[in-house]
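Biologist: Got a minute? I'd like to walk through this model with you, one piece at a time.
Modeller: Sure, pull it up and fire away.

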Amino acid sequence: MYDVGVDVGSVSINCVVIDEHQRVVHETPYLRHFGLVHEEAYKLLREILRHPLLEDPSSIRSVSFTGMHGQQLAEILSAPHEVETIAQVLGVIHVVPGVRTIISIGGQDAALLQLAHEGDRWHLEAFNMNGPCASGTGSFIDQQAERLALALYGADFEMSQEKLQQTLEDFIALGLQSTYPAPVACRCTVFTKSDMIHLQNKGETLPNIIAGLHYGNAANCMSTLVANREVAEPIVFVGGMASNRLQVQAFRHYFPSLQVPPRHTSLGAYGVALQAQKLAWRNQVDLNLLNRLDARSTCVFPQADRLELKLTRFDCDNSLSPWDARRKNPAQAFLGVDIGSTSTKYALIADDGEILHKCYVPTQGKPIEVTQKLLNTLLEEMGGKIRLAAIATTGSGRNVVGDFLRADLIIDEITAHARGAVAVDPEIDTIFEIGGQDSKYIRIESTYPLDFDMNKVCAAGTGSFLHELANKLKINIVGEFQEIALSACSPINLAERCTVFMESDLGSYAQMGAKREDLIAGLCYAIVHNYLNRVVEKRAVGRRVMFLGGPSLNQGIVAAFEKVLQRCILVPKHREVMGAYGAALAVKELFNRGGVEQQARDLGALAGTEIGFSETICRADKKCHNECKLKVYSFGRHKSIWGGDCGRYDISRYDGSRQTDYFQERQRFFQEALEEERFSRPESERRDDRSKPTVGIPLALHSLEWGIFWAHVFAELDFDVMLSPRTNSQLVLGGVECMTAETCFPVKVFHGHVRYLSERADYLFLPNVINMPTTAEDDSGFFCPLVMSSQYMVRAALNIPDSRLIRPTLYLKEGPEHLTEPIHRSMPSRLRSGRLRLEAAVHKAWERQRAFREKLLRRGREIIEETPTDEPLWIITGRPYNLHDERLNLQLGRHLSKLGIRALPMDFLDVDSEDLSDFPRMYWGLGTKILKTAKRIARTPNWYGVHLTNFSCGADSFLEHFYRHILAEKPYLILELDEHSAIAGLLTRIEAYRNVVKNLQEKWAAKF
């Protein structure tokens, strides 16, 4: 007699048949179901029941289920079901007796199971799973492999069971050839894409990027699953991800003895079959139940209107006009090249602005090589007909390709799209542009962009989002997708969610009986609602709306925009190359103004240039210890340097003069106030020969504002004060690895600083800072809860004994006279000095902190007086740990300075007198400062607001709405950063905002 175990997961179906001796007599190959759970389960079970090894179907004693979708199938077939956790443990214990730790990573779930054994019995000691986000799981890796599949196979690649498996195998094999893992943030698929695209654009090799993805994934799992838990051996790795040799290698970096047991993908199925045998389950299954329409639950779904185009003219013919024989031969032409995250395109235009030729191809992760192919296409089809006068580049790869082409103009994609759109229709007032990785909103007034916004860190609703979901559902994104969507009678209202969540939602709805076409139509609506709610938000949508980008070629999405907005959507011809077209128009105008120097260009030679590169270590800043690897491209005799975390080599071409970097000036004031030469900056391990006890102060979170006070209190008491170094990649990784909970990035960085000091200093100063000084008595002035509780989190994460901690609870709002007692009580008894001495130290340190602030305000007044009223001044708001940590802000101050932008951090401004009575009971102290600064920006004509925040900041999720409300009459820029180190998106937003500010200044100058 045989028992059949079936594990139906979020991504795959696995099946095991065992005999009476618990031996596996049959194991089915790993099978992806692509959301077709019922259909694939039916086929698999039918094959099992007909398998020759089983002799007679009556020899099957039981068929039991486990896994995410297993319970529903068990209900339909009246079959037994076991929770997947139990089933997996049972399978693993049978294969690896005595196992203590199981790391299980499947399609959308990741779990850590820690076991204890008592004879033949076992119990769970600890259990942890990933949250709702599937970053780090098999589906997460699949997405990255699918995106890079074009780089591996070319543009004709189509997804299928066999091809996806081959993709993963080739993907892993390529990663195993790496020389080192490139830095890739893996807490979210969007950050991962941003980092990978940035690395590709600056010349990092695919093997190193793929390796970095897997090592980053392992670090993320260590942070979210393992955290500070003690992990006992034997340790086994199971699930679909355990088949990934590169991921196993990355985990063995942390657990050298990690085992991958046999049948690691089917151990859940094996476990439920073992359970069936142990509990003597008996059942037969009628597979016809899976084919009946009523097999699925008859649920009522929230519905939307049917998709149809009534107001919009959608021209399916997107071809170019034939070559006009009356044109001069060769005709003078201008080339615009748009190097995007997923596609690269060019538009060749004539003197009169007409598009002569265009091309649209996947970027394939190789911007230079793809550009060379485009040049070959251009030469083959237009070579003898044109004389190229100038070239412009735009898009995320504009700088590296612009350097390769020696472009006459490098322009941000916001400005390029706006320029192209108004050339097509000067009356438009709103542009929606959805690209592969970014979504953009642009407001146009009198043909000039006067406001814009982009998606923050989430790429939900972008082209890559759409493409990935189509691949998961085995739908061709070109043609088939829109046909299915438009055929739907009752589109289902789906939530606006990221790719991973949406994939799960689609699968769940399908299991409840939703029709495929209704889900696809619902997906069109979800993309539109996501775009309007997350990108446009409360900004004005005009009457003439133009929709651009690859998804604008999809009638289903255009119809959804029309339905939601109840107006005609303009979808011009050649909209997929509108950015390239706008860039070409911009360089043509520059040429006509005499702004382009004539240069001899041999496109054939460029197309045939052998691209070589070497690697070196950046030594540009002697104070920087990151040791970033640089790529030195060789384009024939020309060399180009790219790489590094700081963006030093990524800055756009700017011919004007630099502005003062006021961020650096603030840093200099901070260091002078610290009298940093008095304090040690550790470069080696803790020494035991110090005559004085060493107190470590992490320069993160509140210390980037109050570090002067902290340091001088202990210096006055004659301690050896040790400050942590500037944030670098090693500190970041150290913090991420030791996290016990998912937090914002600044808190993770704080953990890294404390971890560094804990290995070097005798004592750690980690205060509970509750509030800050306020100007009004009734202001709360609270720090955010994570800052308040940071010492509790890091103490638990690093298991720091209380005897090494100095952790007073401090209410800074109450002033220095109330700080002596809590600091005195928190000092270890052997370190306590007299109260009078401590009180004097506190007052002296407080005075130094006050003098630092006064110096900033005095300098701020000078800067404001020096700035002409007709010159824009950008005011940068944010929390000190974002504004003044160059790893967190991606060296924002340096980039603004290089681009000739006068930008002043908010701490140079005295805004205490600003009236905030319309925001009563403002809870957050820094929130009060930010909103008061916004009020000052709103009423000062030449001031413009930029708010720097970080992903998942709870306080800023409220404040950003208030900030927008205050600046409703002025364009503003919100920069949301996180673990990823890609600088391209930051620069795009800055350059576009600079152009908007320039247009507004010119508009106001014309009025007055």
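Biologist: Which strands does helix 11 lie across?
Modeller: Keep in mind that this is a predicted model. Helix 11, residues 367–382, lies across strand 10, strand 11, strand 12 and strand 13. The helix runs at about 145 degrees to strand 12.

Biologist: What's the strand order in the sheet with strand 12?
Modeller: The order is 12-11-10-13-14. That is an open sheet of five strands, and the pairing is mixed.

Biologist: Which strands stand at the edges there?
Modeller: Strand 12 (355–362) and strand 14 do. Each has a single partner strand, so one side of each is left without a neighbour in the sheet.

Biologist: How many bridges join strand 11 to strand 12?
Modeller: Seven, and the two strands run antiparallel. Strand 11 covers residues 343–350. For a landmark, find T344, which stands opposite V361 in strand 12.

Biologist: And strand 10 with strand 13, parallel or antiparallel?
Modeller: Parallel, over eight bridges. Strand 10 is residues 331–339. Look for L335, which stands opposite I391 in strand 13.

Biologist: What about strand 13 and strand 14, how many bridges?
Modeller: Two bridges join them, and they run parallel. Strand 14 is residues 409–410. T393 stands opposite I410 in strand 14.

Biologist: Why is strand 13 called largely enclosed?
Modeller: Seven of its nine residues are buried, so strand 13 (386–394) is largely enclosed by the rest of the structure. Helix 12, residues 398–405, lies across strand 13, and also across strand 10 and strand 14. Its direction is at about 155 degrees to strand 13.

Biologist: New topic. What order do the strands have in the sheet with strand 17?
Modeller: The order is 17-16-15-18-19. This is an open sheet of five strands with mixed pairing. Its edge strands are strand 17 (448–454) and strand 19 (569–570), and each pairs on one side only.

Biologist: In what sense do strand 16 and strand 17 pair?
Modeller: Antiparallel, over six bridges. Strand 16 is residues 439–445. The bridge partner of K440 is M454 in strand 17.

Biologist: Which strands does helix 17 touch on that sheet?
Modeller: Helix 17 (516–536) touches strand 15 (430–434), strand 16 and strand 17. Its direction makes about 65 degrees with that of strand 16. Helix 33 (984–1007) packs on the sheet too, touching strand 16 and strand 17. Helix 33 makes about 150 degrees with the direction of strand 17.

Biologist: Back to helix 17. At what angle does it cross helix 18?
Modeller: Roughly 60 degrees, and the axes come within 8 Å. That makes helix 17 oblique to helix 18. The crossing is right-handed.

Biologist: Which residues meet there?
Modeller: From helix 17, they include Y525, V528 and L532. From helix 18, they include I557, F561 and V564.

Biologist: How far apart are the axes of helix 21 and helix 28?
Modeller: They are 10 Å apart, and the helices pack at about 150 degrees. Helix 21 is residues 662–674 and helix 28 is residues 835–866. Helix 21 and helix 28 are therefore roughly antiparallel to each other. Helix 21 passes helix 28 in a right-handed crossing. Among the contacting residues are F669 and F670 of helix 21, and F852 and L856 of helix 28.

Biologist: What about nonpolar cores? Which residues touch the most other members in the largest one?
Modeller: F709, F714, L812 and W874 do, out of 150 residues in that core. The largest share, ten residues, comes from helix 19 (578–592).

Biologist: What is W874 in contact with?
Modeller: Leaving aside neighbours within four places in sequence, the contacts of W874 include L896, L904, Y944, I990 and V997. There is also a second, separate core of 46 residues. F465, A510, A526 and L565 are among its members.

Biologist: Last one. How many residues of helix 2 are buried?
Modeller: Six of its eight, so to speak mostly covered. Helix 2 spans residues 70–77. The buried ones are G70, Q72, L73, A74, I76 and L77. Just after helix 2, S78 takes a positive phi of about 50 degrees.

Technical notes. Residues are numbered from 1 along each chain as its sequence is written. This is a predicted model: local features need pLDDT of at least 70, side-chain atom pairs count only at pLDDT 80 or more; totals for chains, interfaces and linings use all residues. Side-chain values use heavy atoms; hydrogens and water are left out. Two strands pair if DSSP finds at least two bridges between them. Helices (H or I, at least four residues) and strands (E, at least two) are DSSP runs, numbered from the N terminus. Contact means heavy atoms within 4.5 Å. Axes are lines fitted to C-alpha atoms, for helices over the stretch in contact, and angles run from 0 to 180 degrees between N-to-C directions. A nonpolar core is a set of buried Ala, Val, Leu, Ile, Met, Phe, Trp, Tyr and Cys residues joined through side-chain atoms within 4.5 Å. Buried means under 20% relative accessible area, exposed over 50%, partly exposed in between (1.4 Å probe, protein chains only). Angles under 35 degrees count as roughly parallel, over 145 as roughly antiparallel, 65 to 115 as roughly perpendicular and the rest as oblique. A crossing is left-handed if the near helix is turned anticlockwise from the far one by less than a right angle, and right-handed if clockwise.
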